Amino acid sequence: MTTFQYSLVFLVLMAVIVAGDVANVTYDGRSLIIDGEHKILFSGSIHYTRSTPQMWPSLIAKAKSGGIDVVDTYVFWNVHEPQQGQFDFSGSRDIVKFIKEVKNHGLYVCLRIGPFIQGEWSYGGLPFWLHNVQGIVFRTDNEPFKYHMKRYAKMIVKLMKSENLYASQGGPIILSQIENEYGMVGRAFRQEGKSYVKWTAKLAVELDTGVPWVMCKQDDAPDPLVNACNGRQCGETFKGPNSPNKPAIWTENWTSFYQTYGEEPLIRSAEDIAFHVALFIAKNGSFVNYYMYHGGTNFGRNASQFVITSYYDQAPLDEYGLLRQPKWGHLKELHAAVKLCEEPLLSGLQTTISLGKLQTAFVFGKKANLCAAILVNQDKCESTVQFRNSSYRLSPKSVSVLPDCKNVAFNTAKVNAQYNTRTRKARQNLSSPQMWEEFTETVPSFSETSIRSESLLEHMNTTQDTSDYLWQTTRFQQSEGAPSVLKVNHLGHALHAFVNGRFIGSMHGTFKAHRFLLEKNMSLNNGTNNLALLSVMVGLPNSGAHLERRVVGSRSVKIWNGRYQLYFNNYSWGYQVGLKGEKFHVYTEDGSAKVQWKQYRDSKSQPLTWYKASFDTPEGEDPVALNLGSMGKGEAWVNGQSIGRYWVSFHTYKGNPSQIWYHIPRSFLKPNSNLLVILEEEREGNPLGITIDTVSVTEVCGHVSNTNPHPVISPRKKGLNRKNLTYRYDRKPKVQLQCPTGRKISKILFASFGTPNGSCGSYSIGSCHSPNSLAVVQKACLKKSRCSVPVWSKTFGGDSCPHTVKSLLVRAQCS
């Protein structure tokens, strides 16, 4: 089905889904029941804290247009209660405003209260002050933790109730989650873990929201809570509900995977996602949530350890909110096809028929005129099967959806949606030294520190999550100057070492191996020597049992001078939390005036330098990104707003930076003279290479075969009873192209009907090619914002190679 055709379908189908009118939500063994109607629901995770209020309407509207019924979000405890008893629901923290925006678009909400959320979020969403509560043990049958968890959960539910946001009050929230993936850590707590699960379920019920609760990755979720699946392949791995009276729910279908510094991104294809969703639906799944549908940005210091600032950029809506095609479009078609089957799928009658060793038909419906089928081929090879006296060619590893048990409306391996290319264009180069000023951090000496200890202190306990940086300094006597070696065993993320104020070297760990050894040669003075170590964290841990016990920092420090070793573990150490630039807030207009800036000079002698410049906002509405490809490691601010950590110098095994471009939401910007401040930890960073870029979709491509399913144009509907639906099938698959709003197709870069080689990423004319391919496509598409071209020999003046499967591949430029 084409994008336009499915939009027509959804105008009818979505008319019955109006979240504001919901009065009652329950469930049975088949699905959630909303106002007495069973529902198959598609949900998408969009986190309010990972975008901005100005972005919310567009994100939600695009999700709805993609066939999403429900918006799913965590509730971020450490964002809302950063200090005990001090709550913040302003700006991007305004969860009430976010949920009301979802309601305004006619969608439902799944609210994952946690309060532990994991989510690659700092400390798993737990506020760090919780760590200091006497006698506390996180996420187990521990009274201090349960007290604060209950207090927080009650506060959030009370807030939702005060705004009438639960479905039982006419609001959009139809589902809530308590805890998160506890099955991953429960064994570590033994019996206390089991009793904690029961207590958590009891708490959820007592909160009396009027809507069902779920626990994900919790096979023994107590009644009435529903156990749900998380992962990529729940259609294959989920053992099912732990009671026949509970529905099959998939709370996290990972659309890609979060990326950490130094690791290659995990890319998941639209075909693979669609296959596992359709398989889950075939096996009585009724609720699927995409994690993430829009990942967004880990602004500030909110990313957990080693997680990059961009979050799930490969989701159907990318970091900037642009459509990620064909993922967005392919899933939209899947949702539409499943919705056409909704009544027979939920009728209560299912038959499973073997069509081969790895081929299965799932048939739903009570009557001949109320029948839907899902044909599954789990083989890696194409298979031809017989079903109800008809022959079907099933693509390798694919699922076909037949809304009437006859005609294929959708196949997970056949992509009708267009592909797009995201490009970035430099709008302003900050390449002139006159544009920049700099301020270099001074290395503190032992006498300048106020925190003292006779042993090495742990990083997190000392900084209390107020900074990524902890200076640890000591001084010692050396009878004579001599070449020496510094050795530091460090359990953490990164470490910079200085001797007598001079930088001698750095070392860092990885996401999978935090512990490392810094070993550097140095020269010592005859007399007093000062050693300063800067311990650096790149996010707090976010998962695993006993988060409150995690240790970060130097485990041993020693110096070998050629004759003997000096051990410093029990020396007197002085500590300084954070950097001076942080203390003065030099990234703000007011704070910037508190330090002495100097004109930029190209000096690489000392790391830990702050750079300051200004830039004007690019014209137009395209998203804005900061290109930091010339920098090393640090953090960036625009007009006092942190756009996140960067670590460009940490390359993947293929030699690529994990992230170069950093999103600057337009709401952070002024028309002119925006303040840009960069903290660069390393000596090699070069601010003269920084550019202000815009991001847009400039090319679109379609590649459709004449064997693709014949798309449903529209169902004709009388009332709300599916048995009155009739179907009209278009016998011509089409390549459909659409430029972003405000752009039109200005040039056809490639067009071939026949057997073009390759795909939208790399292509060439094949052995069979219609010579008028380009002319036909140009006539249909040039100067239009959208167009469609039937994949049919007659369109191109005849069949130049009979008895051959043909396809049309078109690539176009949008201007």
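Across the protein, the pLDDT averages 93, and 94% of the residues score at least 70. Keep in mind as you browse that this is a predicted model. Below you will find notes on confidence, domains, one open sheet with its helix, and two asparagines from the UniProt glycosylation annotation.

**Confidence along the chain**
- Residues 1-20 have a pLDDT below 50, and this stretch makes 62 contacts in the model beyond near neighbours in sequence.
- Residues 713-729 also have a pLDDT below 50, with 45 contacts in the model beyond near neighbours in sequence.

**Domains**
- The protein is divided into domain 1 (34-346), domain 2 (423-439 + 583-695), domain 3 (444-578) and domain 4 (732-814).
- Domain 2 is thus written as two segments, 423-439 and 583-695.
- Taken over C-alpha atoms, the centres of domain 2 and domain 4 are 42 Å apart.

**An open sheet and its helix**
- Five strands form an open sheet in the order β12-β13-β14-β17-β18, and their pairing is antiparallel.
- At the edges sit β12 (350-354) and β18 (410-411), each of which pairs on one side only.
- Helix α8 (residues 270-282) packs on this sheet and touches β12, β13 (359-367), β14 (370-377), β17 and β18.
- The direction of α8 makes about 130° with that of β14.
- Two bridges join β17 (residues 398-402) to β18 in the antiparallel sense.
- For V401, the bridge partner in β18 is F410.
- As a general reminder, strands of a sheet pair through backbone hydrogen bonds, either parallel or antiparallel.

**Annotated glycosylation sites**
- The UniProt record gives the annotation "glycosylation site" to N24, N253, N284, N302, N389, N429, N461, N521, N526, N570, N724 and N757.
- N253 is part of strand β10 (residues 248-254).
- N253 counts as buried because its relative accessibility is 0%, under the 20% cut-off.
- Leaving aside residues up to four places away in sequence, N253 touches G231, R232, R268, I273, V277, V288, N289, Y290 and Y291.
- N570 lies in the loop between β29 (565-567) and β30 (573-577).
- N570 counts as exposed because its relative accessibility is 65%, over the 50% cut-off.
- Putting these two annotated sites side by side, N253 is buried, whereas N570 is exposed.

Notes: Residues are numbered from 1 along each chain as its sequence is written. This is a predicted model: local features need pLDDT of at least 70, side-chain atom pairs count only at pLDDT 80 or more; totals for chains, interfaces and linings use all residues. Side-chain values use heavy atoms; hydrogens and water are left out. Two strands pair if DSSP finds at least two bridges between them. Helices (H or I, at least four residues) and strands (E, at least two) are DSSP runs, numbered from the N terminus. Contact means heavy atoms within 4.5 Å. Axes are lines fitted to C-alpha atoms, for helices over the stretch in contact, and angles run from 0 to 180 degrees between N-to-C directions. pLDDT is the predictor's confidence in each residue, from 0 to 100. Domain bounds come from an automatic or database domain assignment. UniProt positions are given in the numbering used here, feature names are shortened, and annotations may be inferred rather than shown by experiment. Buried means under 20% relative accessible area, exposed over 50%, partly exposed in between (1.4 Å probe, protein chains only).
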